[in-house]
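Biologist: I am new to this structure and would like to learn how to read it one feature at a time. Could we begin with what counts as a contact between polar atoms, and then move on to other features?

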Amino acid sequence: MGMTRMLLECSLSDKLCVIQEKQYEVIIVPTFLVTIFLILLGVILWLFIREQRTQQHHPGSRDTAPVPPSRDLSWEAAGHGGNVALPLKETSVENFLGATPALAKLQVPREQLSEVVEQICNGSYGPILRANMNTGDASKSKSVILKALKEPAGLHEVQDFLGRIQFHQYLGKHKNLVQLEGCCTEKLPLYMVLEDVVHGDLLNFLWTCRRDVMTMDGLLYDLTEKQVYHIGKQVLLALEFLQDKHLFHGDVAARNILIQTDLTAKLCGLGLAYEVYTRGAISSTQTIPLKWLAPERLLLRPAGIRADVWSFGILLYEMVTLGAPPYPEVPPASILQHLQKRKIMKRPSSCTRTMYGIMKSCWRWHEAGRPSPRELRLRLEVAIKTADDKAVLQVPELVVPELYAAVAGIRVESLFYNYSML
Ligand SMILES: Nc1ncnc2c1ncn2[C@@H]1O[C@H](COP(=O)(O)OP(=O)(O)OP(=O)(O)O)[C@@H](O)[C@H]1O
């Protein structure tokens with residue numbers, strides 16, 4: 001339109017008009033084309049740089065076979081639930097480890113765990129194994145306990161297992177708590193490495209004391225009143241330690257105490273203490289034998305360290321009777337009604353009045369009336385001074401584990417006894 005108008009207004013002899021027409025062709029069109037070219041070049045460059053950056057973030061994506069997608073939490077969120085066990089990809093575990101760098105310091109090289117000697121039992125996470133650990137020097141190989149996470153495991157189980165290791169790390173060392181030596185969590189299968197308390201649990205020790213066995217691997221299978229106090233005092237030290245950290249154990253019983261040759265006692269079975277640590281209370285549906293529980297636990301009320309004190313009273317009873325089941329005349333399911341009638345266990349014939357007095361103080365209905373672990377320990381320290389260290393506790397009847405389990409209200413499979421010993 002503009003050109004037509006120009007031509008109409010100009011004569012052929014009009015030079016100015018010709019010059020204007022040449023300006024239009026020579027300046028504006030090339031400028032337009034150059035601009036388009038530059039824009040295209042810019043876009044191509046931008047796409048090229050973006051591609052380069054993508055490759056830097058995923059180095060193997062072009063040169064290696066594609067990695068299968070790892071299972072993520074969305075799988076569980078899609079209605080499959082946390083308990084579904086699926087084989088985990090190494091990458092999933094590595095992701096967790098990335099989120100828990102504190103565990104890096106605890107890693108034990110797998111090649112140091114040379115041979116599994118035996119499977120002790122099936123624990124709450126999976127098999128509990130005894131293995132040899134090489135410490136570099138062949139003459140210094142030592143026995144350790146491996147708690148393995150059973151496979152296949154769900155993601156939340158892996159998380160829980162790693163959390164449990166960190167809980168051990170948080171607790172730190174205490175002479176009367178089973179010690180964490182390290183872990184193998186850089187790949188599957190996952191292991192928690194614990195010190196080996198070779199003589200196993202106190203309940204088995206008590207049962208063996210009923211037999212004619214004198215000593216085994218340096219441990220004397222005889223128990224006096226003084227030794228009962230000695231073991232009890234160590235358990236109370238462990239409870240004080242937990243209380244200082246605003247925790248409690250939740251399952252104090254002879255089956256959860258490990259014994260060393262010199263009668264050092266170590267509290268194990270810290271699963272419920274871990275729940276208290278993570279959730280502030282025991283919320284697990286895990287069944288704890290009712291006969292060891294304080295009334296507030298049976299009534300599903302909030303509980304604390306004084307519920308452990310109640311169970312400690314039952315532990316004293318277990319020791320002085322060499323592992324008899326508590327309340328032998330009461331069916332496990334009726335224990336709450338029994339206690340609601342304010343009935344407690346009678347004094348066993350092997351129990352002194354002093355010791356029975358201590359037991360009764362643990363079994364006061366209201367937790368505020370019960371002593372604290374520290375008060376209790378001080379009472380034990382006084383009692384120990386005059387306790388009998390000569391007379392050996394004796395119970396002639398041998399234990400039939402199935403019968404014990406039925407009367408105690410415990411699943412027989414959860415008792416880690418050695419048949420050959422009984
Ligand atoms: N460090 C250890 N040394 C020797 N034996 C052990 C050790 N740890 C566990 N055991 C054996 O395994 C049994 C079960 O241990 P423990 O209760 O700690 O395992 P768990 O089932 O994993 O429970 P939790 O999850 O409550 O810790 C013990 O009664 C004992 O016989």
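Modeller: A polar contact is a pair of N or O atoms within 3.5 Å, and within protein one of the two must be able to donate a hydrogen and the other to accept it. Please keep in mind that this is a predicted model. In the case of R370, the side chain reaches the backbone oxygen of W365 at 2.8 Å.

Biologist: Where is R370 found, and is R370 buried or exposed?

Modeller: R370 is found in the loop between helix 13, residues 353–362, and helix 14, residues 373–386. Buried means under 20% relative accessible area, and R370 counts as buried because its relative accessible area is 1%. Leaving aside residues up to four places away in sequence, R370 touches a list of residues that includes A294, P295, E296, R306, W310 and W365, so that W365 appears both among these contacts and as the partner whose backbone oxygen the side chain of R370 reaches.

Biologist: Which residues come nearest to the ligand?

Modeller: A residue is taken as near a molecule if one of its heavy atoms lies within 4 Å of it. Here 20 residues surround the ligand, and S124, K147, R164, E195 and V197 come nearest. An N or O atom in the side chain of S124 is 2.5 Å from an oxygen atom of the ligand, a polar side-chain atom of K147 lies 2.8 Å from a ligand oxygen, and a polar side-chain atom of R164 lies 2.5 Å from an oxygen atom of the ligand. Taken alone, the ligand exposes 620 Å², and the protein buries 93% of that.

Biologist: How many residues of each class are in the shell around the ligand?

Modeller: Sorted by class, the shell has nine nonpolar, five polar and six charged residues.

Biologist: What are the buried residues of helix 9, and what covers them?

Modeller: In helix 9, which spans residues 271–279, the buried residues are L272, A273, Y274, E275 and V276. Their cover includes helix 6, residues 155–171, and helix 10, residues 295–298. Just after helix 9, G280 takes a positive phi of about 85 degrees.

Biologist: Why does C209 count as buried, and which residues does C209 touch?

Modeller: C209 counts as buried because its relative accessibility is 7%, which is under the 20% cut-off. This residue is found in helix 7, residues 202–209, and, not counting residues up to four places away in sequence, C209 touches Y221, D222 and L322.

Biologist: How many helices and strands does the protein have, and how much of the protein is buried?

Modeller: The protein has 15 helices and nine strands, and buried residues make up 44% of its 422 residues. When contacts between residues at least 6 apart in sequence are considered, 64% join residues at least 24 apart. The accessible surface comes to about 23,100 Å², of which 58% belongs to carbon and sulfur atoms.

Biologist: What is the mean pLDDT of the protein?

Modeller: As a general idea, pLDDT is the predictor's confidence in each residue, from 0 to 100. The mean for this protein is 83, and 79% of its residues reach 70 or more. Over residues 1–8 the pLDDT is below 50, and beyond near neighbours in sequence this stretch has four contacts in the model. Residues 54–87 also have a pLDDT below 50, and that stretch has 33 contacts beyond near neighbours in sequence. The model as a whole scores ipTM 0.98 and pTM 0.78.

Key
Residues are numbered from 1 along each chain as its sequence is written. This is a predicted model: local features need pLDDT of at least 70, side-chain atom pairs count only at pLDDT 80 or more; totals for chains, interfaces and linings use all residues. Side-chain values use heavy atoms; hydrogens and water are left out. Accessible areas come from the Shrake-Rupley method with a 1.4 Å probe; for residues, only the protein chains shown count as cover. Ala, Val, Leu, Ile, Met, Phe, Trp, Tyr, Cys and Pro count as nonpolar, Asp, Glu, Lys and Arg as charged, and the others, Gly among them, as polar. Helices (H or I, at least four residues) and strands (E, at least two) are DSSP runs, numbered from the N terminus. Buried means under 20% relative accessible area, exposed over 50%, partly exposed in between (1.4 Å probe, protein chains only). Contact means heavy atoms within 4.5 Å.
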